[in-house]
Structures are given as C-alpha cells and as structure tokens.
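Reader: I have a structure to go through. Can we take it piece by piece, in questions and answers?

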Amino acid sequence: MKLLLVEDEEKMVALLKQGLEEEGHEVRVCNSGRTTPSQDELEHFDVILLDWSLPGLDGVSVLRQWREAGLQTPVLMLTARGTTGEKVIGLRAGADDYLVKPFDFDELLARLEALRRRGEQQGGPVRMGSVLLDPRRRVLRRGLQEESLTAREFSLISSLARQQGTPQVRARLMAQAWGPDFEGSPNVLEVYVGYLRTKLERLGARDVSIRAVRGVGYNLLVEQGPREP
C-alpha cells in the first residue's frame, strides 16, 4: 500500500514508518497539516494516516478542508482523544476510521487492510433511476453533474443501492460502513444518511430517495420514470 502519514511526534513517526515499511508498505511523512501534498497527489495514496493534534492546523480542520475539496482517499485518524463525542467529531469531519493512542500495531495493520479491501470490493457501476453510482471514481453522477463521496458515504450508499427496494437493517449498514467493532454513537448513521440525501438533492434526483423504515433501518427507493444519461 502507498500510505501518507501526517504526524509531528518524531518518536511515533519513526516507529510507524519503520514498522509499516517492514510490512512492505510505501510511506511518505508530513509533519504538519500545512505541508501536505497537493489535492491531486493525495488521491494517489491508498490510505492517509492523520493525527488529530497537529501544530498550526489540527487534523480535523485539515480533514474538513480535504473533504470539502472532494478528496476521496480513505483517512484513518490517529488520536489520544477517545470519548464517543470526539470520535463522532472525527467521523463527521470525514474520517473513515478512528484509532485511539496508544494502539496495537497489529490492529493498525488490520484497519489499514480493511480500508483497502473496502475499496477493492467496490464492484461495477450501479444505476439508481436517473443517478449512477460510479465506484471507480467514487461519485454520484446525474447527467453532467457529479457529487463526490467519502469512503464512508460510498460504503453506505453502495449497500443501499445494491439492494434498492429492500429495507436494510441498521446493524448491517453500520457494519458495512464502520466495521463490526464500531463503538461510537449509532446516531452517526442518521448523520451520514443526511449527507447522502443532501447530495442527491443537489443533483436534482427527485426519483431517488433514502427512507427510514421504523424498527428496521433504511431503504433506497427509485420511482419509475425516464432515465438521464
């Protein structure tokens, strides 16, 4: 894997870089959020490891800027902040996973592999009425309009889209998008469904809706009508 490590603790950088390279990964290091590669370069990394506590510009602010600019690369946030509220802040900022220091190196490797597998299992394009879900570019497309998706948003809408018309259980959706061991607030699912609804609205996709199914979870529905290219 090609990894970007954004971390300013010298000892942590040395240990992680050595360990990851010994596992066969290519690692590039940045010591602050203001010196990271350009947006185009960032897209070429398989996973970005981003520390929350960076000098000058904290990791959450850096991540928000990346996501607002359309960055789709999976981001694993490293932090000493372990409360549920702080985890939710990181996830809402666009993190795809969250690891609290101190952590076991084997767990870090497992999480990195999980993020990579998530991308490899994307499958082919999925049509949802007038909207096309493009896994290769991780975007929603309607006509000439596009909306970029974070890795988390992609996992969630992919699960819904491939079973459209069939209600999906909350636990399954959470496991698909956050992994089976997620310990954060279950309300984060509603937050991400809201993000997806907003992006569908911006595309003008009136024929596509994500509806809550009481006591079950969510269902992606497509109204029959003419499709757009």
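**Strands, helices and turns**

Reader: What kind of model is this?
Author: Its origin comes before its details. The answer is short: the model is predicted.

Reader: In what order do the strands of the five-stranded open sheet run?
Author: The pairing in this sheet is parallel. The edge strands are β2 (26-30) and β5 (97-100), and each pairs on one side only. Neighbouring strands are turned by 20° against each other on average, direction ignored. The order is β2-β1-β3-β4-β5.

Reader: How many bridges join β1 to β2?
Author: The two strands run parallel. One residue pair shows the register: Leu3 has Val27 in β2 as its bridge partner. The number of bridges between β1 and β2 is five.

Reader: Which residue in β3 is the bridge partner of Leu5?
Author: Strand β1 (residues 2-6) pairs with β3 in the parallel sense. Four bridges hold that pairing. The partner of Leu5 in β3 is Leu49.

Reader: And which residue in β4 is the bridge partner of Asp51?
Author: β3 also runs parallel to strand β4 (residues 75-79). Four bridges join these two. The partner of Asp51 in β4 is Leu78.

Reader: Is strand β3 largely enclosed or largely open?
Author: Buried here means under 20% relative accessible area. Val47, Leu49 and Asp51 are buried on one side of β3, and Ile48 and Leu50 are buried on the other. Both faces are therefore covered, and five of the five residues (47-51) are buried. By the rest of the structure, β3 is largely enclosed.

Reader: How are α3 and α4 oriented to each other?
Author: The axes of helix α3 (residues 59-68) and helix α4 (residues 84-93) come within 8 Å. They cross at roughly 25°. Angles under 35 degrees count as roughly parallel. So the two helices, α3 and α4, are roughly parallel.

Reader: Which residues of α4 meet α3?
Author: Start from the α3 side. Val60, Leu63, Arg64 and Arg67 are the α3 residues in this contact. From α4 they meet Ile89, Gly90 and Ala93.

Reader: Is Gln18 buried, partly exposed or exposed?
Author: Gln18 sits in helix α1 (residues 10-22). Its relative accessible area is 47%. Buried needs under 20% and exposed needs over 50%, so a value in between has its own class. Gln18 is partly exposed.

Reader: How far apart are the C-alpha atoms of Gln18 and Ile157?
Author: Along the chain, Gln18 and Ile157 are 139 residues apart. In space, their C-alpha atoms are separated by 36 Å.

Reader: Which peptide bond is cis, with omega near -10°?
Author: Most peptide bonds are trans. The one asked about ends at Pro102, in the loop between β5 and α5 (105-120). The cis bond runs from Lys101 to Pro102.

Reader: What is the strand order in the four-stranded open sheet?
Author: Here the pairing is antiparallel. β6 (126-128) and β9 (145-148) are the edge strands, each pairing on one side only. The average turn between neighbouring strands is 25°, direction ignored. The order is β6-β7-β8-β9.

Reader: Which residue in β7 is the bridge partner of Val126?
Author: β6 and strand β7 (residues 131-134) pair in the antiparallel sense. Three bridges make up that pairing. In β7, the partner of Val126 is Leu133.

Reader: What angle does the direction of α6 make with that of β7?
Author: Helix α6 (residues 151-161) packs on this sheet. It touches β6, β7, β8 (139-142) and β9. Its direction and that of β7 make about 125°.

Reader: Within what arc do the buried residues of α7 fall?
Author: In helix α7 (residues 170-178), the buried residues are Leu173, Met174, Ala177 and Trp178. They line one face of the helix, because down the axis of α7 they fall within an arc of 100°.

Reader: Which residue just after α7 takes a positive phi?
Author: Most residues other than glycine have a negative phi. The phi in question is about 90°. The residue is Gly179.

Reader: How far does α8 reach from its first C-alpha to its last?
Author: Helix α8 (residues 188-203) has 16 residues. At 1.5 Å a residue, 22 Å is expected. The computed reach is close to that, at 23 Å.

Reader: At what angle does α8 run to β9?
Author: α8 lies across β7, β8 and β9. Its buried residues include Val188, Tyr192 and Leu203. To β9, α8 runs at about 165°.

Notes:
Residues numbered from 1 in each chain as written. Predicted model: local features only at pLDDT ≥ 70, side-chain atom pairs only at ≥ 80, totals over all residues. Heavy atoms only, no water. Buried < 20%, exposed > 50% of the residue type's maximum accessible area, 1.4 Å probe, protein only. Pairing = 2+ DSSP bridges. Expected span 1.5 Å × (residues − 1). Axes fitted to C-alpha atoms, helices over the stretch in contact; angles between N-to-C directions. Arc of directions from axis to C-beta. Parallel < 35°, antiparallel > 145°, perpendicular 65-115°, else oblique. Contact = heavy atoms within 4.5 Å.
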